[in-house]
Amino acid sequence: MAQLFFRYGAMNSGKTFEIIKVAHNYEEQHKRVLTMKSVVDDRSASGMIESRVGESRQAIDIDKNTDIFNIVAQANAEEKVYCVLVDEAQFLPKHQVEACARVVDELGIPVMAFGLKNDFRNELFEGSEALLTLAEKIEEVKTICWFCGRKAIMNLRVNDGQPVYEGEQIQTGGNESYYPVCRKHYYHPPLGNNQSLADMEE
């Protein structure tokens, strides 16, 4: 039975690579997949999703006005769609998450949405809040803290080597702007000092 999945993780947890793997597994069995991505994340080329390990695939760009349900319904009418994969789902407005739920409920097609849960201020994104409410399956894609071996559960924004805790919610960037961190190193990141690795791992 089709379900709405939300797979969340901190920065650098391999969410996009996971999408590419899931799509590959479906397509190996000759099952059509639709891959979508929010245009808010402009780090990759238009019409593409790109993982940090160098893998990429084509995707449908979606902005806040894109009718996700209609796109999937039309594609499914032309040729059966077995799964819909959405990258950077935290950037979806609530009505688009609801459209994903309609794809599941009315078309019987599973939707797997991948994204961040909380922003650099530890507040939920609109899309992640809606997914936490509506998704049947919620799974964590795990990674480790940038500074130690603990599980990373937060995203630390940095600027000129200093932590940033205030500002606009959305600011796209990679390792130059964000670190996946544990709770301890979110509040006490060893930046801009001579703290040793042994100190960081305490």
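At 25% relative accessibility, N12 counts as partly exposed, and in this predicted model N12 is placed in the loop between β1 and α1. The backbone of N12 has a phi near 70 degrees, which is a positive value in a residue other than glycine. A second asparagine can be described in like terms: N122 has a phi near 65 degrees, again positive in a residue other than glycine, and N122 is found in the loop between β7 (111–115) and α4 (126–134). With a relative accessibility of 27%, N122 counts as partly exposed.

The loop between β1 (4–8) and α1 (15–28) also holds A10, but here the side of the surface is another matter, since A10 counts as buried at 8% relative accessibility. Leaving aside neighbours within four places in sequence, A10 is in contact with K15, L116, V141, T143, A152, M154, N155 and P180. One of these partners, V141, is 131 residues away from A10 along the chain, while the C-alpha atoms of the two residues are separated by 7.8 Å.

K15, another of the contacts of A10, belongs to helix α1. What is the nearest side chain of opposite charge to K15, and how far away is it? It is E88, at 6.3 Å, and K15, although buried, has no salt bridge; a salt bridge would require a side-chain nitrogen of Lys or Arg within 4 Å of a carboxyl oxygen of Asp or Glu. The side chain of K15 does reach the backbone oxygen of G9, at 3.3 Å. Not counting residues up to four places away in sequence, K15 touches R7, Y8, G9, A10, F114, G115, L116 and V141, so that L116 and V141 appear among the contacts of both K15 and A10.

D87 lies in strand β6 (residues 83–87) and is buried, with a relative accessible area of 5%. The side chain of D87 makes a polar contact with the side chain of T16 at 3.0 Å. Beyond its neighbours within four places in sequence, D87 is in contact with T16, I19, M36, K37, S38, I49 and F114; F114 is also touched by K15.

The cysteines call for a separate word. The count of disulfides comes to zero. For C148, the closest cysteine sulfur is that of C182, at 3.8 Å, which is too far for a bond because a disulfide is counted when the two sulfur atoms are within 2.5 Å. C148 is buried, with a relative accessible area of 7%, and C100 is buried as well, with a relative accessible area of 2%.

The relative accessibilities of several of these residues are set out below.

| Residue | Relative accessible area | Class |
|---|---|---|
| C100 | 2% | buried |
| D87 | 5% | buried |
| C148 | 7% | buried |
| A10 | 8% | buried |
| N12 | 25% | partly exposed |
| N122 | 27% | partly exposed |

Turning to the chain as a whole, there are six helices and 11 strands, and buried residues make up 49% of the 202 residues. Of the contacts in the chain with a separation of 6 or more, 74% are accounted for by residues 24 or more positions apart. The chain exposes about 10500 Å², of which carbon and sulfur atoms supply 45%.

Terms used. Residues are numbered from 1 along each chain as its sequence is written. This is a predicted model: local features need pLDDT of at least 70, side-chain atom pairs count only at pLDDT 80 or more; totals for chains, interfaces and linings use all residues. Side-chain values use heavy atoms; hydrogens and water are left out. Buried means under 20% relative accessible area, exposed over 50%, partly exposed in between (1.4 Å probe, protein chains only). Helices (H or I, at least four residues) and strands (E, at least two) are DSSP runs, numbered from the N terminus. Contact means heavy atoms within 4.5 Å. Lys and Arg count as positive and Asp and Glu as negative; His and the chain ends are not counted. A polar contact is a pair of N or O atoms within 3.5 Å; within protein, one must be able to donate a hydrogen and the other to accept it, and residues adjacent in sequence count only if both atoms are side-chain atoms. Accessible areas come from the Shrake-Rupley method with a 1.4 Å probe; for residues, only the protein chains shown count as cover.
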